[in-house]
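Biologist: I would like to learn how to read empty space inside a protein, and then how to read the setting of a single residue. Please take me through both.

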Amino acid sequence: MPASPKTPWIRATRSGLLAVLVLLLAGTWIATAAPVRATSTAEAMEAQILGAINSDRGAAGLTALRLDSRLVDWSIERSAWMAARGILTHTSWNGLPCTMYNIEHVTWYGCGEAIGDTNATPGSAGANVLISAWRASPDHDALIKSAAYNYVGIGVTYRPANRTTYASILFLEGPDRTRPIPSWTSQALTGRTIHWGWTAYDPLLQTHLAGVRNYDVDIRVNGGAWASLRTSSTGVSCTMPNEAPGSTWQLRVRARDNAGNLSGWLTSATFVVH
């Protein structure tokens, strides 16, 4: 049976909007046996925890936290560090969260971490125990529902020796590092005139949303090399009138946000002028 949670020990510190919380769940500590990360089970647990966090945030009228691949890697490192030693601590891999962000040269305005362990069966049952315990703690619930954080990483690792899963959730309030997403508003060949229109949006963040700034536009004629048509342009349409019969045309567009994040290229259909 999974152990019931002890009274959480809470430490809240402000450095920016630093909130570091510790959740202690009962477990038997054994100093031997290497931790195990069964990838499919661990990833399923992490996805379940993320879903629960963002479900709670949605119910509270908040924007979903976005996964940051760096935080995901580091939270896995931190859960593995704790599992290898059979302990729960915020001074795990690379030290306290804010210290770790400094070591890794991350720009942060606020940082935090929730940790926990459970001896429930790894998988959905284990994730549910962790989620329930964090929800039951007002301080942890407040961390999950913070209106400051915009990125998150979740990592879990299993320690066979004491049949315990260790978890780390890293929170970050930082600059927008999510790429904008472009799309076509129109693509049309009318007679010998070709028209393209485009737009883009910056995926929503709780804080520090950069917003779309401008676009780069390339053109390709008759299957040749791409040539730059516009750079850092705020224009959202392009028309090529009265082109030569038999010629072929393509346009590609990428968006840039105010934080400098670039989208991938969005390529139009190929138009053949008749």
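Modeller: We start with the cavity search and then turn to one proline; the model is predicted.

Biologist: How is empty space found, and how many cavities of 30 Å³ or more are there?

Modeller: Rolling a probe the size of a water molecule over the atoms shows where empty space is left. Here, searching the whole structure gives 1 cavity of 30 Å³ or more. The space in the largest cavity is about 50 Å³.

Biologist: Which residues line the largest cavity?

Modeller: The lining is made up of Ile 49, Ala 52, Ile 53, Asp 56, Ile 131, Trp 134, Arg 135 and Ile 144. Helix H1 (39–59) and helix H4 (124–136) supply at least two lining residues each. H1 gives the largest share, with 4 residues.

Biologist: How many of the lining residues are nonpolar, and how many are charged?

Modeller: The lining has 6 nonpolar residues and 2 charged ones, with no polar residues.

Biologist: Now the single residue. Where is Pro 175?

Modeller: Pro 175 sits in the loop between strand E6 (164–173) and strand E7 (181–190).

Biologist: Is Pro 175 buried or exposed?

Modeller: Neither label fits, because its relative accessibility is 30%, and Pro 175 therefore counts as partly exposed. Buried would need a value under 20%, and exposed one over 50%.

Biologist: Which residues is Pro 175 in contact with, leaving aside its neighbours within four places in sequence?

Modeller: Those contacts are with Thr 107, Tyr 109 and Tyr 151. The C-alpha atom of Pro 175 is also 7.4 Å from that of Trp 108, although the two residues are 67 residues apart along the chain.

Definitions and conventions: Residues numbered from 1 in each chain as written. Predicted model: local features only at pLDDT ≥ 70, side-chain atom pairs only at ≥ 80, totals over all residues. Heavy atoms only, no water. 1 Å grid on protein atoms, 1.4 Å probe; cavity = no way out; pocket = protein on both sides within 12 Å on 5 of 7 lines; lining within 4 Å. Points joined across faces, edges and corners; volume = space filled by probe spheres on them. Nonpolar A, V, L, I, M, F, W, Y, C, P; charged D, E, K, R; others polar. Buried < 20%, exposed > 50% of the residue type's maximum accessible area, 1.4 Å probe, protein only. Contact = heavy atoms within 4.5 Å.
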